[in-house]
Amino acid sequence: MGALAIAGAAQGQTTVTGSDAFNLPEDVSFVVTPTDPNIRRATARVNGNIITGTDVDHRVALILAAQEVAVPAEEVARLRLQVLRNLIDETLQVQEAAAQEMPVSDEEVEQSYARYAAEARGMSVSEMDAYLASIGSSPGSIKRQIRGELAWDRLLRRNVAPFVNVSEGEVTELWQRLQASRGTTEYRLGEIFLAATPANAEQVRANADQIIQQLRAGGSFVAYARQYSQASSAVQGGDLGWLQLAQLQQPTLEAAAQQMAPGQLVGPLEIPGGYSILLMIDQRTMGMADPRDAVLSLKQISLEFPAGMPAAEVERRAAEFLTAVQGMRGCGDADAAAAAIGASTVNNDAIQVRQLPEAFQSILLQLNVGQATPPFGELPQDIRVLMLCGRDDPGEVAGPTVADIMASLEEDRINRRAQRYRRDLRRDAVIEYN
């Protein structure tokens with residue numbers, strides 16, 4: 001059912017679709033002067049459940065803290081409206097799960113919150129609580145989002161996923177296409193999808209343009225995807241994972257991705273059902289090992305200089321450091337040799353090349369075990385090198401399996417049905433604004 005459909009014929013209502021069905025005049029004269037929705041106070045009652053201005057403030061603070069640049073006031077105002085919409089959706093999702101006798105328990109929320117603190121922030125629960133308070137947010141804001149996501153996942157697994165069918169013929173055809181493309185590029189993409197209808201396409205396109213501007217100014221793609229994207233990948237910050245172009249199932253997206261370089265952002269791209277913003281996270285060649293997937297064992301050797309040390313002394317100590325590094329007989333000798341000149345060492349025995357800054361990747365891939373990078377650092381504060389202590393090269397990349405392809409196609413269809421499901425919940429909701 002379309003977003004503009006009106007249901008309830010059994011109650012004397014008429015079901016119509018499309019904007020023309022309303023016979024709206026081009027020249028509008030409102031009987032009562034309309035209020036500006038942009039200045040409406042961010043407080044709502046959703047089927048009796050209250051969303052307060054504080055709820056909105058805490059969620060906005062969380063998003064702003066993830067940005068690398070200051071967000072303009074007009075963008076913050078727009079963000080507040082989007083956050084309110086998200087909170088309404090989360091409330092509807094939680095209510096629907098409870099109504100269908102599969103509510104999310106407090107214990108499940110607390111466990112997910114603890115995992116989020118540890119995996120996303122590397123913090124304990126108490127440290128996470130303190131951090132959220134320091135940025136003007138609260139644990140309750142994240143827990144509310146977690147509860148909404150868990151409820152939605154539960155609803156989709158019971159009410160949508162069992163009714164999505166992908167035939168073996170479809171999977172076989174796509175798998176054959178992928179096998180024929182071995183040696184070509186595989187992509188890791190991020191996507192922000194904004195659903196649109198003919199009636200609101202212009203407004204949605206304008207919103208997408210504003211999001212693009214903020215992302216190019218240094219905004220967090222993951223944060224914007226979680227709040228704005230209406231695809232199921234929003235939970236993963238928009239990350240679609242590794243895929244080949246054929247798996248996108250959208251010619252417009254395929255053509256755009258083929259021209260993109262890692263780190264590049266494009267959009268908004270008009271596709272059936274709305275607009276997409278794409279981020280090229282990474283690329284690799286199918287069926288061939290990517291050297292950047294090698295796992296390295298590294299030792300950082302560094303020498304710090306006291307504040308105020310004369311420039312001549314800094315230069316002398318730096319030269320002594322370089323001489324000592326050049327004389328080291330591999331990583332086994334490095335700790336003792338570093339200690340002899342007052343330098344320190346730090347080990348990392350399992351770091352993937354692609355996790356390192358690009359400036360180091362090509363250099364480290366050319367080193368033999370026991371060799372060090374050219375010196376780097378910030379004189380006169382310190383000088384450092386990285387020494388290669390070991391390297392495990394990657395195996396062959398097999399590409400997506402039949403099961404992977406099946407899962408990808410199912411996910412796409414579940415996502416489409418989920419959009420309709422969410423629209424139905426909004427349509428049937430009783431929402432009051434104060």
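Modeller: Contact here means heavy atoms within 4.5 Å. The model under discussion is a predicted one.

Biologist: Which residues does Q250 touch, not counting residues up to four places away in sequence?

Modeller: Q250 touches I271, P272 and R416. Heavy atoms of each of these residues therefore come within 4.5 Å of heavy atoms of Q250. Q250 itself lies in the loop between β4 (239-243) and α9 (251-258).

Biologist: Why is Q250 called buried?

Modeller: The relative accessible area of Q250 is 10%. Buried means under 20%, so Q250 meets the criterion.

Biologist: R416 is among the residues touched by Q250. What makes the pair of D412 and R416 a salt bridge?

Modeller: The side chains of D412 and R416 meet at 3.2 Å, N to O. The criterion asks for a side-chain nitrogen of Lys or Arg within 4 Å of a carboxyl oxygen of Asp or Glu, and the pair therefore qualifies. D412 and R416 are four residues apart in helix α13, which means that about one helical turn separates them. Salt bridges that share partners also join D424, R427 and D428 into one network.

Biologist: Are D412 and R416 buried or exposed, or in between?

Modeller: D412 has a relative accessible area of 29%, and R416 has one of 36%. Partly exposed is the class between under 20% and over 50%, so D412 and R416 are both partly exposed.

Biologist: How many salt bridges does this rule give?

Modeller: The count comes to 20. One of them is formed by the side chains of R426 and D89, at 2.7 Å from N to O. R426 lies in helix α13 (residues 402-428) and D89 in helix α2 (residues 73-99), so this pair ties together parts that are 337 residues apart in sequence. R426 counts as partly exposed at 32% relative accessibility, whereas D89 counts as buried at 11%.

Biologist: How do you know that R384 and D382 form a salt bridge?

Modeller: Their side chains meet at 3.4 Å, N to O. The cut-off is 4 Å, so the pair of R384 and D382 satisfies the rule. With a relative accessible area of 15%, D382 is buried, while R384, at 24%, is partly exposed.

Biologist: What makes C331 and C389 a disulfide?

Modeller: The sulfur atoms of C331 and C389 are 1.9 Å apart. The rule requires a pair of cysteine sulfur atoms within 2.5 Å, so this pair is counted as a disulfide. By this rule the count comes to one disulfide. The link of C331 and C389 is left-handed, with -95° about the S-S bond. C331 lies in helix α11 (residues 331-340) and C389 in strand β9 (residues 382-392), so the pair ties together parts that are 58 residues apart in sequence.

Biologist: Why do C331 and C389 receive separate accessibility labels?

Modeller: The boundary for buried is under 20%. C331, at 18% relative accessibility, counts as buried; C389, at 23%, counts as partly exposed.

Biologist: Which strand order describes the open sheet of four strands?

Modeller: The order is β4-β3-β6-β5, with antiparallel pairing. β4 and β5 (265-271) are the edge strands, as each pairs on one side only. From one strand to the next, the twist averages 30°.

Biologist: How do you know that β3 and β6 are paired?

Modeller: Pairing needs at least two bridges, and 11 bridges join β3 (residues 185-195) to β6. The two strands therefore count as a pair, and they run antiparallel. T185 stands opposite T285 in β6. Helix α9 packs on this sheet, touching β3, β5 and β6, and its direction makes about 165° with that of β5.

Biologist: What makes I277 a buried residue?

Modeller: I277, found in strand β6 (residues 274-285), has 0% relative accessibility. The criterion is under 20%, so I277 counts as buried. Beyond residues up to four places away in sequence, the residues touched by I277 include G190, I192, I211, F221 and L265. I277 and S229 are 48 residues apart in sequence, with 9.3 Å between their C-alpha atoms.

Technical notes:
Residues numbered from 1 in each chain as written. Predicted model: local features only at pLDDT ≥ 70, side-chain atom pairs only at ≥ 80, totals over all residues. Heavy atoms only, no water. Buried < 20%, exposed > 50% of the residue type's maximum accessible area, 1.4 Å probe, protein only. Axes fitted to C-alpha atoms, helices over the stretch in contact; angles between N-to-C directions.
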